[in-house]
Structure formats: structure tokens, C-alpha cells
Amino acid sequence: MAGRRRVSGPSGVSGSSVVALCLLLVALVACGGRTTADPARADVQRVLDRRAAAVLAHDAAAYARTGTGTGTGFDHLSAIPLAAWSYRVRDVQRTGDTATADVELRYRVEGYDRGPVTAGRTVRLSRDDGGGAWSVDSDRPAKESGQQPWDQGAVEVVRGTHSLVLGVGQSTAMLRRFADLADRAVPAVSDAWDGDWSRRVVVVVPRSVEGMAGLLGSPASSYRGIAAVTTGETGGREHAPADRIIVNPDAYGLLGSLGKQVVLTHETTHVATRADTTSATPLWLSEGYADWVGYRGSGRTAAQAAPELADAVAEGRVPARLPTDEDFGFTADAEELARAYEGGWLACRMIAEQWGEDRLDAFYRSVGAHDKRAGAVEDALHEVLGTTPDDFTARWREYLRARLA
């Protein structure tokens, strides 16, 4: 307000009091009301931008000038073909000439990732006493984030026709075998699934189950008997997921040749169906469909591929319902978990036999097209298969008796 009017009012605050208050506020903030920002955040962003540019340019000297980066050394990740690599500083806590930054790393593997992998990182930095440039001292996974392959050591890369295998602590020959399995899995999945997908997969093979657990940010005990898992964001093609098939070499190594192929084909199916797998898709359908593709053309009978459920049916313990999501928990009893997978597989196998493979694909997409779980399966059963949940369950139970008795 212009002019020199004395300000007063019912509150009894005089103009001189207002002036005194303004002088006090000036001591705390800038006159225009803007705080003086700590320049550390912008400085840290700049050094990480230089670090990202060095990674993409394969410039070891430029990378070294940004700091040490313990656990993510240039040599650990330099073999990975990268299309993008960037950091976004979310917060910086500074104490004198040391700082800890909360950082988001985003990267894409060239030719494989439609969208970026996003990972939380904790970056610690320091600078000379003279207040020079910040330098990275360490770059590690954030507390709630899993490791990246290079956090576990130097990453070796083996390329297949349809696959890229990233290995840590594994022989080149072993990684080549994984590439061969994945190269057979991709055409097998494409032959079964008529949806649009990249027809390429990235397989990550750590040293051990502990390495697998580190990549997933979970305890190793959760994955002892699990040969492989697929990571990626569900919910539709617009999310452009960057899928990874992560192998547990300990459990995978115990499988026979058919089992190894079935597992890789199963996980590749998850990559292919990702865009049509949403929160509306029950696990009996997503896991059952992946197993159906895995065993398709293998010549295995239902009893051979579903031994736990076959034993239960032989004893008169035919399941009363389709498996629930809780039945697929990795911490569940091993036999119970096996029966859940087998039950889902046989439900999909039944659809393929009694309605046709095209209807099975259409059913899968129809369920995933719903916004929520409630009503999704019921609607798809009616619209695609012309049946009801009760009738479908009764057919499935009879199918178990016929195929497993």
C-alpha cells in the first residue's frame, strides 16, 4: 500500500509496532518473503549430473572426477548397455563439509526397457575444508530399496537372440545357458500369447539366493524354494514397465532340463502379459496362465506336472474352491504352495481344452481390463466363456478328478 498513513485499528497495533515487526521478520527472511536456500542441493545435483553423463559416455576418467562411489564403481556397471541414466536429488541433509542425499536413480537398458527402472539411492558426499566442489563418497541402495546388480559386484553381460543376461559371480558358460533357455522361451510365449509385447527379456543371475533376496529387498528365507521371479509394474501398458527375470541359482540348479525351461518360459510369460495383468487379475489366473504356457507342448500329463494336487485328489481331498491370492504366499507351506500353482495351471488348461486357446487369451485380457478385483472374474466368465463362477468351479473340480485320479 502506497503513502505514509499511520496504521491502527481495533487490535491496537500502531504503525511503529508494524515497522518493528517487519524489521524482526527481515532478520529471519528476505525482504520479499523468500528464504535463503542452501546451495548444497543444487551443487549435489550438478555433480550427479556429471556422474550420469560419464556413465552414459563410458568415460571412466570423468566418472572418477565425481568421486569414488563405493559399491557402484564404474567397472561394475560399464558392461551394461544403457539407453538412459539420470539422478534426481530429492533431499539433502548437510553437516558442514559432509552431506547425505536422498536420490532417485532412473535408467533404461538399451533395446529392452520401454520405461525406466527407478531405484532409491542414498548418496554420501564430502568436500574440501575450503568449500570446494562436492565429491561422492558412497552410493548405496536406500533403506527401503533393493540392490541393483552392480551393487553385488562386476556385472557380466551375455547377449542372446531374444535375451540379455546380466550375471554377477557366474561363469560365462552358465550365463550363456540362461540366454539359450530364454531364447527358446520367447518364441514359445509368442506362439501362445497373442498380445503385443517386446519379445525380449532381461534375465539377472546373482551369485546365490542371498543375492536374489538383495535385489528384491527381502529376506533370503522368502525365496529358498523359489527358482525365479519376475519384477515389473503391473497395471497397463501406459506404465511402460522395465521387467527383470531374477533367478535363484541355488534352487534353479536343482531342476532338470525340462524344469529349467518351464521356469524360464513361465517367467517370460509374465513379461509378455504384463500390460494386461492388473490389480483385478487373481494369482490363480496370472500364475496358472504362465504355467500353462510353460508346460504347453511339453507332453507332460496333468498328474506328472501336478503331483501334489494329484496326491490330494487320490486321497479324496478335491479342493472346494480355486486358489486364493493368499495361497500363493512365498512363506506358505511348500506343498500348499505347490497345490496353488497346480490348481491355477489346471484351471487355465481346462479353459484351453474346453473353450479353446484363443478364448483363454481373451479371458485373461478381459479380467485385466477391469479397474478392480470385485466382479472382474465374474464378468469375464460370463462375457467370454458364457458361464458362472459356481459352474466354472464345479467344472474345474470335475476336471481335477478326471485328469488326476
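Modeller: Let's start with the vocabulary: helices (H or I, at least four residues) and strands (E, at least two) are DSSP runs, numbered from the N terminus. This is a predicted model, where local features need pLDDT of at least 70 and side-chain atom pairs count only at pLDDT 80 or more, while totals for chains, interfaces and linings use all residues. Residues are numbered from 1 along each chain as its sequence is written, and side-chain values use heavy atoms, with hydrogens and water left out.

Biologist: Let me try one residue. Where is glutamine 148 found?

Modeller: Look in the loop between E5 and strand E6 (156-159). Leucine 215 is 67 residues away from glutamine 148 in sequence, yet their C-alpha atoms are 5.9 Å apart in space.

Biologist: And is glutamine 148 buried or exposed?

Modeller: Buried means under 20% relative accessible area, exposed means over 50%, and partly exposed lies in between (1.4 Å probe, protein chains only). Glutamine 148 has 9% relative accessibility, so it counts as buried. Valine 158, in strand E6, is buried as well, at 5%. The C-alpha atoms of valine 158 and methionine 174 are separated by 9.9 Å, with their positions 16 residues apart along the chain.

Biologist: How do I read a helix? What span should the 17 residues of helix H8 have?

Modeller: The expected span is 1.5 Å times one less than the number of residues. For H8 (residues 257-273) that gives 24 Å, and the end C-alpha atoms are 25 Å apart, which agrees.

Biologist: How many of the residues of H8 are buried?

Modeller: 13 of the 17 are, so H8 is largely enclosed by the rest of the structure. For a single helix residue, try valine 313 in helix H11. Valine 313 counts as buried because its relative accessibility is 9%. Its C-alpha atom and that of alanine 402 are separated by 9.8 Å, although the two residues are 89 apart along the chain.

Biologist: On to charges. How many salt bridges does a search of the whole structure find?

Modeller: Side chains of opposite charge can pair when their charged atoms come close. The cut-off here is a side-chain nitrogen of Lys or Arg within 4 Å of a carboxyl oxygen of Asp or Glu. The search finds 19 salt bridges. In one of them, the side chains of aspartate 102 and arginine 90 meet at 3.0 Å, N to O. Aspartate 102 lies in strand E3 and arginine 90 in strand E2 (residues 82-95), so the pair ties together parts that are twelve residues apart in sequence. Aspartate 102 is partly exposed at 32%, and arginine 90 is partly exposed at 32% too.

Biologist: Which residue does aspartate 139 pair with?

Modeller: Arginine 121, in a salt bridge of 2.9 Å, N to O. Since aspartate 139 lies in strand E5 (residues 135-141) and arginine 121 in strand E4, the pair ties together parts 18 residues apart in sequence. Both aspartate 139 and arginine 121 are buried.

Biologist: Where else can I look?

Modeller: Try glutamate 315 and arginine 317, whose side chains form a salt bridge of 2.6 Å, N to O. Glutamate 315 is exposed at 55%, whereas arginine 317 is partly exposed at 43%. Shared partners also matter: salt bridges join Arg121, Asp139 and Asp151 into one network.

Biologist: What about charges without a partner? Which residues form a negative surface patch?

Modeller: Patches are made of residues with over 30% relative accessible area and no salt bridge, with like charges joined within 9 Å and nonpolar side chains (Val, Leu, Ile, Met, Phe, Trp, Tyr) within 5 Å. Areas come from the Shrake-Rupley method with a 1.4 Å probe, and for residues only the protein chains shown count as cover. Asp and Glu count as negative, Lys and Arg as positive, and His and the chain ends are not counted. A charge is placed at NZ of Lys, CZ of Arg, CG of Asp or CD of Glu. Here the negative patch consists of Asp311, Asp333, Glu335 and Glu336. Aspartate 333 sits in the loop between helix H11 (307-314) and helix H12 (334-354), and is partly exposed at 46%.

Biologist: Last one, backbone angles. What is phi of histidine 58 near?

Modeller: Near 55°, a positive value in a residue other than glycine. Histidine 58 is in the loop between helix H2 (40-57) and helix H3 (60-64). Arginine 199 is not a glycine either, and has a positive phi of about 60°. You'll find arginine 199 in the loop between helix H5 (172-192) and strand E8 (201-205), partly exposed at 33%.
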